[in-house]
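Let's take a walk through this model, from its packed interior out to its loops. Have the coordinates open and follow along.

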Amino acid sequence: MIRQLAHLNFVTDDLNKIIDFYVNKLGMKVKFTLNNKKGQPFGYYFECGNVSFLEFFDQTMAAEYWGGEVAALTTGTQYRHFCLEVVGLDEYCQKLKSKGVEVSPITLGMDNSRQAWIADPDGNAIELMEYG
């Protein structure tokens with residue numbers, strides 16, 4: 001069952017400007033960061049109330065960590081996916097599969113939350129997350 005919107009994910013080429021804007025100008029708090037294998041923070045989660053976040057990753061460092069392309073960012077190309085918080089992820093994924101939705105295997109994310117991935121008919125990536 002979907003509980004709420006968990007986060008929106010974006011990439012950036014300038015985390016310092018993003019942090020300055022969301023923290024110093026909008027007054028949001030950094031809830032936590034994700035660090036690469038060298039211990040460098042490359043992902044920032046900004047609180048949007050309760051357990052909803054804006055999630056920003058340094059594009060180059062994220063590609064080094066997970067793979068993928070590094071491309072020139074222009075207006076509209078920073079968005080990557082949105083995430084829905086789900087309760088009962090196993091059951092929900094089975095329900096989606098029974099309705100013909102392609103669902104990735106459930107994995108454990110860097111934040112120790114269980115996750116699976118689907119896409120809408122336009123190919124927009126949707127993360128399904130059950131917080132750990």
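**From helix α2 outwards**

In helix α2, which spans residues 59–66, Gln-59, Met-61, Ala-62 and Ala-63 are buried; that word stands for under 20% relative accessible area, with exposed meaning over 50% and partly exposed anything in between (1.4 Å probe, protein chains only). Helices (H or I, at least four residues) and strands (E, at least two) are DSSP runs, numbered from the N terminus. Before going further, keep in mind that this is a predicted model, where local features need pLDDT of at least 70, side-chain atom pairs count only at pLDDT 80 or more, and totals for chains, interfaces and linings use all residues. Residues are numbered from 1 along each chain as its sequence is written, and side-chain values use heavy atoms, with hydrogens and water left out.

What sits over those buried α2 residues? The cover includes β1 (2–12), β3 (41–47), β4 (53–58) and β5. At the start of the helix, a side-chain oxygen of Asp-58 comes to within 3.2 Å of the backbone nitrogen of Thr-60. Just past the other end, Gly-67 has a positive phi of about 90°.

Now slide over to Thr-12, in strand β1. Its relative accessible area is 8%, so Thr-12 counts as buried. If you skip neighbours within four places in sequence, Thr-12 is in contact (heavy atoms within 4.5 Å) with Ile-18, Phe-57, Asp-58, Gln-59 and Leu-73. Its side chain also reaches the backbone nitrogen of Asp-14, at 3.0 Å.

**The cores**

Next, the greasy parts. As a rule, in soluble globular proteins nonpolar side chains tend to be buried together. A nonpolar core here is a set of buried Ala, Val, Leu, Ile, Met, Phe, Trp, Tyr and Cys residues joined through side-chain atoms within 4.5 Å. The largest one has 11 residues: Leu-84, Val-86, Leu-89, Tyr-92, Cys-93, Leu-96, Val-103, Ala-116, Ile-118, Ile-126 and Leu-128. At least two residues apiece come from β5 (79–86), α3 (89–98), β7 (114–119) and β8 (125–130), and α3 gives the most, with four. Take Leu-96 as a way in: apart from neighbours within four places in sequence, Leu-96 is in contact with Val-101, Val-103, Ile-118 and Leu-128. There is also a second, separate core of nine residues, Leu-15, Ile-18, Leu-54 and Phe-56 among them.

**The pocket**

Which residues come closest to the centre of the largest pocket? Of the 25 that line the largest pocket, they are Asn-9, Phe-57, Trp-66, His-81 and Trp-117. The space in there is about 460 Å³. On a 1 Å grid over the protein atoms alone, a pocket is an open set of points where a 1.4 Å probe fits, with protein on both sides within 12 Å along at least five of seven lines, and lining residues have an atom within 4 Å of a point. The volume is the space filled by probe spheres set on the points, which are joined across faces, edges and corners.

Helix α2 turns up again here, giving the most to the lining of the largest pocket with four residues. By class, that lining has 11 nonpolar, nine polar and five charged residues; Ala, Val, Leu, Ile, Met, Phe, Trp, Tyr, Cys and Pro count as nonpolar, Asp, Glu, Lys and Arg as charged, and the others, Gly among them, as polar.

**Out in the loops**

Finally, look at the loop between β6 and β7, where you'll find Asn-112 and Ser-113. Asn-112 is exposed, at 53% relative accessibility, and has a positive phi of about 65° although it is not a glycine. Is Ser-113 buried or exposed? Ser-113 is buried, with a relative accessible area of 2%. Not counting residues up to four places away in sequence, Ser-113 touches Thr-107, Leu-108, Met-129, Glu-130, Tyr-131 and Gly-132. Its C-alpha is 5.8 Å from that of Glu-130, 17 residues apart in sequence. The side chain of Ser-113 reaches the backbone nitrogen of Gly-132 at 3.2 Å.

The loop between β3 and β4 holds Asn-50, which is exposed at 74% relative accessibility. Asn-50 is not a glycine either, yet its phi is positive, about 45°.

Conventions
A polar contact is a pair of N or O atoms within 3.5 Å; within protein, one must be able to donate a hydrogen and the other to accept it, and residues adjacent in sequence count only if both atoms are side-chain atoms.
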